[in-house]
Amino acid sequence: MNHISFTALVDIAAELNQAGHKWHFHMIGPACIFSRLKNEYEILIEIESTGEELACRFSEKPLSETRRMAEL
C-alpha cells in the first residue's frame, strides 16, 4: 500500500470522481482489527476497478479529514 499526503489523497479522489471511477474510503483507528498501524490512524481509499489502495497516516483521530473525504 502506498502512503501519501492527505492533500494528495483528496486530489486523487477528486480525479477519480471526475473520471467516473468508483472508489470508497475507510477511516481506521489503532484499535480496529483491520489496522496495520497499531499506534496511528489511517484514512485509505480503495479504487474499485483496480483494487489499488492509497492511504494517509495520522497520529491524532482525523475527524475533519474524514468529513472532507465524505464530502467527495
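**Exercise 1. Identify the residue with which Glu53 forms a salt bridge in this predicted model, and explain what the pair ties together.**

Step 1. The partner of Glu53 is Arg36, and the closest N and O atoms of the two residues are 3.1 Å apart. This separation satisfies the salt-bridge criterion, which requires a side-chain nitrogen of Lys or Arg within 4 Å of a carboxyl oxygen of Asp or Glu.

Step 2. Glu53 belongs to strand β4, whereas Arg36 is found in the loop between β2 and β3; the pair therefore ties together parts that are 17 residues apart in sequence.

Step 3. With a relative accessible area of 24%, Glu53 is classed as partly exposed.

**Exercise 2. Determine how many salt bridges the rule yields, and describe the one formed by Glu71.**

Step 1. The count comes to two salt bridges. One of them is the pair Glu53 and Arg36.

Step 2. Glu71 meets Arg68 through their side chains, at 3.9 Å from N to O.

Step 3. Both residues lie in helix α2 (residues 63-71), where three residues, about one turn of the helix, separate them.

Step 4. The accessibility classes can now be assigned. Glu71 is exposed, its relative accessible area being 60%, while Arg68 is partly exposed at 35%.

**Exercise 3. State which strands pair with β3 and in what sense, and establish whether β3 is mostly covered or uncovered.**

Step 1. Strand β2 (residues 23-28) pairs with β3 in the antiparallel sense, over six bridges. Within this pairing, Ile28 has Glu42 of β3 as its bridge partner.

Step 2. Strand β4 (residues 53-58) also pairs with β3 in the antiparallel sense, over six bridges. Here Tyr41 stands opposite Phe58 in β4.

Step 3. β3 and β4 form a hairpin with five residues between them. In the turn, Gly51 has a positive phi of about 75°.

Step 4. Strand β3 (residues 41-47) is mostly covered, since five of its seven residues are buried, that is, under 20% relative accessible area.

**Exercise 4. Locate Lys38 and describe what its side chain reaches.**

Step 1. Lys38 lies in the loop between β2 and β3.

Step 2. When residues up to four places away in sequence are not counted, Lys38 touches Pro30, Cys32 and Ile33.

Step 3. The side chain of Lys38 reaches the backbone oxygen of Ser35 at 3.1 Å.

Step 4. Relative to His24, Lys38 is 14 residues away in sequence and 22 Å away in space, C-alpha to C-alpha.

Note on methods:
Residues numbered from 1 in each chain as written. Predicted model: local features only at pLDDT ≥ 70, side-chain atom pairs only at ≥ 80, totals over all residues. Heavy atoms only, no water. Buried < 20%, exposed > 50% of the residue type's maximum accessible area, 1.4 Å probe, protein only. Helix = DSSP H or I, 4+ residues; strand = E, 2+ residues; numbered from the N terminus. Pairing = 2+ DSSP bridges. Contact = heavy atoms within 4.5 Å. Polar contact = N/O pair within 3.5 Å; in protein donor to acceptor, adjacent residues only side chain to side chain.
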